[in-house]
Amino acid sequence: MSLHPSLQSYADAWTHSVEAISELVQPLAEGEWNRATPCPGWSVRDIVSHVIGLDCEMLGDPRPIHTLPRDLYHVKTELQRYMEMQVDVRRHHTAPEMTSELEYTIIRRSRQLRNETRDPGHKVRGPLGSEETLEEATRKRAFDVWVHEQDLRSVLAKPGNIDSPGALVTRDVLLSALPKVVAKRAGAPASSAVVFDVHGPVDFLRTVRIDAEGKGTIDGAPSLGPAVTLALDWETFYRLATGRVKPAAVADRIKVEGDQALAQAILDNFAVTP
């Protein structure tokens, strides 16, 4: 195996989730591809198109030359326009076209990962002409594909893989964003701490600490006198953090102790994906 060890866990997680997506959509009837999903404006077909499109970009394929319609209400930012291109270009593809392109993309991308010899720090193309390291890009794909696998599972009423390799990558990606959520977005006071106590198939306890300058860091040690403790289950945590659900809709699944106003500010700013 030539794949660098720091990329292997992300490659494994991507493989696990993308193959699950393929299994989920393979038997769908034509009409089922049009079902609405938790992603605004996107159907089952659109999510699969997004997965195919971003993996084609990882393969170095040219982006489609395509003009977006002007009436897409859910497309508001440049990043959303960028993402929508790969989606809209496939909006009239049939179920067999979608499943065969997905299978072919998985084969190509799996081969690329098996033969990957580039260093994890090698710069690759990112969205909107940006550059990111190969490790960051591979990690993002594992995260993105697992979250969209769960989107599809929720629509198709086929729960599963809530604690799969992709779930663990997702946990780490979401945890890395928490210091910014608590310190900058929610404005937690200097020299305070906020504890997240998450239970379920993926469980963890993390403390975000705000130093005297207002900068946030995160660790696994408990805090003796936190300003806020938020206790919630893993599914609620990831759905909030990925913007799949609003805090008010899952208030009964969140236990809050401490400063209620700060807790609300954290929950209101919890979504970290665009």
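Welcome to the tour: a search of the whole structure finds 19 salt bridges. Keep in mind as you click that this is a predicted model.

**Stop 1: a bridge between two helices**

Select R109 and D55, whose side chains meet in a salt bridge with an N to O distance of 2.8 Å. R109 lies in helix α4 (residues 95-114) and D55 in helix α2 (residues 44-58), so this pair ties together parts that are 54 residues apart in sequence. Are these two residues buried or exposed? R109 counts as buried because its relative accessibility is 3%, below the 20% cut-off for that label. D55 is buried too, with a relative accessible area of 1%.

**Stop 2: a pair with two kinds of surroundings**

Next, select E116 and R118. They form a salt bridge in which the closest N and O atoms are 2.8 Å apart. Colour them by accessibility if your viewer allows: E116 counts as buried at 7% relative accessibility, while R118, at 30%, counts as partly exposed.

**Stop 3: from strand to strand**

Now pick R209 and D219. What joins them? A salt bridge, with the closest N and O atoms 2.6 Å apart. R209 sits in strand β4 and D219 in strand β5 (residues 216-219), so to speak 10 residues along the chain from one another. R209 is partly exposed at 27% relative accessibility, and D219 is also partly exposed, with a relative accessible area of 25%.

**Stop 4: a network**

Select D46, E84, D88 and R91 together. These four residues are linked in a network of salt bridges.

**Stop 5: aromatic rings**

Time to switch from charges to rings. How many aromatic pairs does a search of the whole structure find? The search finds eight. Start with F196 and F270, a tilted pair with 6.0 Å from centre to centre and 35° between the planes. F196 belongs to strand β3 (residues 193-199) and F270 to the segment after α8 (260-268), so the pair ties together parts that are 74 residues apart in sequence. F196 is buried, with a relative accessible area of 0%, and F270 counts as buried at 3%.

Move on to F204 and W234. Their rings form an edge-to-face pair, 6.4 Å centre to centre with 75° between the planes. Here F204 lies in strand β4 (residues 204-210) and W234 in helix α7 (residues 234-241), so parts that are 30 residues apart in sequence are tied together. Both F204 and W234 are buried.

To see how these rings fit into a bigger picture, select W146, F196, F204, W234, F237, Y238 and F270: they form one aromatic cluster.

**Stop 6: out to the surface**

Show the surface and select K180, K184, R185 and K215, which form a positive patch there. Zoom in on K184, placed in helix α6 (residues 165-185). K184 counts as exposed because its relative accessibility is 66%, above the 50% cut-off.

**Stop 7: a loop and a long look across**

Finally, select G129. Where is G129 found? In the loop between β1 (123-125) and β2 (131-133). At 70% relative accessibility, G129 counts as exposed. Add A221 to the selection and draw a distance between the C-alpha atoms: G129 and A221 are separated by 39 Å, and they are 92 residues apart along the chain.

Notes
Residues numbered from 1 in each chain as written. Predicted model: local features only at pLDDT ≥ 70, side-chain atom pairs only at ≥ 80, totals over all residues. Heavy atoms only, no water. Patch = residues over 30% accessible without salt bridge, like charges linked within 9 Å, V, L, I, M, F, W, Y side chains within 5 Å. Areas by Shrake-Rupley, 256 points an atom, 1.4 Å probe, with all protein chains shown as cover. Lys, Arg positive; Asp, Glu negative; His and termini not counted. Charge placed at Lys NZ, Arg CZ, Asp CG, Glu CD. Helix = DSSP H or I, 4+ residues; strand = E, 2+ residues; numbered from the N terminus. Buried < 20%, exposed > 50% of the residue type's maximum accessible area, 1.4 Å probe, protein only. Phe/Tyr/Trp six-rings, centres within 6.5 Å; stacked < 30°, edge-to-face > 60°.
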